[in-house]
Amino acid sequence: WIVFLLLWRQTPCKWRLYFGCQRVMILLLLLWLNVVAAQIRYSIPEEMKKGSLIGNVAQDLGLDLKRLRSGRARIVTGESIQYTELKTDKGILVVNERIDREQLCGDVTPCSFSFEMILENPMELHPITIEVLDVNDHPPVFKKTDIMLDISESANLGARFVLDSAEDPDVDVNGLQNYVLSPNDNFVLKQHVNPDGSKYAEMVLQKQLDREEVPHLSLKLIAVDGGNPQRSGTVNIDIKVLDVNDNAPVFNQSVYKATVIENAAKGTNIVIVNATDADSGSNGHITYSISNVKSNIADLLSIDQLSGVLSVSGLIDFEKDKKYELRIDAKDQGGLTDSSKVIIEVIDVNDNAPTISVMSFTSPVSEDSPPGTTIGIINVKDLDSGDNGQVNCRIEQSAPFKIKSNLRNYYTLVTDTVLDRESVSEYNITVVATDAGIPPLSARKTFNLKVSDVNDNAPAFSQSVYKAFVAENNSPGVSLITITAKDSDENQNARVSYILDVNDKGGSSISGYVSVNAESGVVHAVRSFDYEQIKELQLVVKAQDGGSPPLSSNVTVKIIIQDQNDNPPQVLYPVQTGDTLGTTGTLQHVYNYEVCRTTDSRKSDCKFGRGGSQNVLIMDPSCSGTMQRLQSEKSILDEPDSPLEVSSTQTGIKIQESPIFWRTHT
């Protein structure tokens, strides 16, 4: 959607002496984009002093000074000379360099130049056009100080003699307005206007010349402009009256039309003009010359005086002049002349590549920026015309960006999809502008765009479950395991802290058993573990990043406690029931023993010694089996040689450690 609002405002009268009141036109364009554009047009006279006020842009755009400062308001011209300066502290536009309208625009009217004022956050683009009004600072000037004419005394009444024109770089009323011929009896002055608006004069013979009476005439031609005060230029006309020449040269065409290709080589023929003279001898000998031509054309075109061939003598540039109009004079030796007009159309060639100017560019851009976010504004121009000046912009490589056209010659560079810094953190975006000429010409501009991080990734552990083994009776503070989580974000968003998720363990907080270093992820034992009390600890550790808000993930850590041989064996069965043994004595019961091999630390063996009695059995620790009661009625302990002794009043069997575990049963 585009809404155009045209506003006119009459400002206080400055330059009343020459131009009346200054007008300001504001063209406001509200675009369905992130870019807001309003166009301002000011009119000022040329030659203003540096620092002179042009206009109050803040007031004219409805902006306050705070907005100008926060938006880093600035002007972008793309030209080598910056004629204006923006005073952001006052919101005004002033003259920065003296402006010469003639140097800037030549004879083109109206004369203006444009630039843009850029504001950021949000992005605003305000085109500003300055129209430079002419002041009468140049008088009309003739290229020569003297015009030499040879006129036959037999010249017919009404014969015309075209005079050199004056040039005045000023325009409109300040430009050349009129010619005045000094008073005389023989000639009157007639003035004409060329199709391009320039003026020229010719003398018309109104009274017959008499060489014998007046062989020479000295006249003055005065060119005046319409400025106030009026300026003028003068050239002397020296007329030599010749003897009889009855016929003037005559061109075979009153108008010649031709074309020339831009950048044609010097010496390229454009057209041949031809005139004939009915006289004979020297009076019929014709020479050709270019007359009434502007100085810029005189440097580009030349004519052979004898053949009438018009050719290229300088650089033909379509972008400067699309058409040339000039007058060719044919003059015989008697001083009689004829003139013909030549119109030359310049054919454009594709000799100008597009130019890319960066109006604004934002880097870095956040990775969570939505599609369509504006990251840059560029201006693309091509000085050629037609298809040669038609430009297409594209992004050279495959990238999540696209080019959109806002206004004529302006393009915005926007995101096309959601960015992901973890995939690509930096882009080199090359914008290519190509014209439609044959062959086409291109220009490239590369933008380095960095993608800033947002906290969109939680820390991730390399394992779903961590296991650690530790022997019981460990020292408090010993390192058990190191857990590690990685965060693919950067800077503070990637800084990982480890936190122990406190759960109860048998009524006690898990923090009473282990701790986690918040920076390194090292799990430490807070106290010594006892396998006989706790065989395994299971805890949850949370990894949390430093983003805002923070993201986290959990992992389970299992601490497996390994047994050590820190407890002596105990006979748990049979239970002692009233029979009390002394230091030595007789075992009142008969027992069976099962023998099991084991590699555990909780292992033991029993040995029963034999003193030579056949009633005593010895169980080899290397075998397994059941020790059974002897058939003899006599107890084992009745043997006088029995080596079996009771070591305490609680047990009747002496147990000593070995790789075999003996388990008793009745």
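**Exercise 1. Find how many contacts beyond four places in sequence the model has for residues 606–666, where pLDDT stays under 50.**

Solution. This is a predicted model, in which local features need pLDDT of at least 70 and side-chain atom pairs count only at pLDDT 80 or more, while totals for chains, interfaces and linings use all residues. Residues are numbered from 1 along each chain as its sequence is written, and side-chain values use heavy atoms, with hydrogens and water left out. Begin with the term pLDDT, the predictor's confidence in each residue, from 0 to 100. For residues 606–666 the model has 126 such contacts, where contact means heavy atoms within 4.5 Å. Then turn to the protein, whose mean pLDDT is 81, with 79% of its residues reaching 70 or more.

**Exercise 2. Decide whether Arg 101 is buried or exposed, and describe its surroundings.**

Solution. Arg 101 has a relative accessible area of 1% and is therefore buried (under 20%, against over 50% for exposed and partly exposed in between, with a 1.4 Å probe and protein chains only). Next, look at polar contacts, which are pairs of N or O atoms within 3.5 Å where, within protein, one must be able to donate a hydrogen and the other to accept it, and where residues adjacent in sequence count only if both atoms are side-chain atoms. One such contact, of 3.4 Å, joins the side chains of Arg 101 and Glu 102, and a polar atom of the Arg 101 side chain lies 3.0 Å from the backbone oxygen of Pro 169. Finally, beyond its neighbours within four places in sequence, Arg 101 is in contact with residues including Glu 46, Asp 134 and Asp 170.
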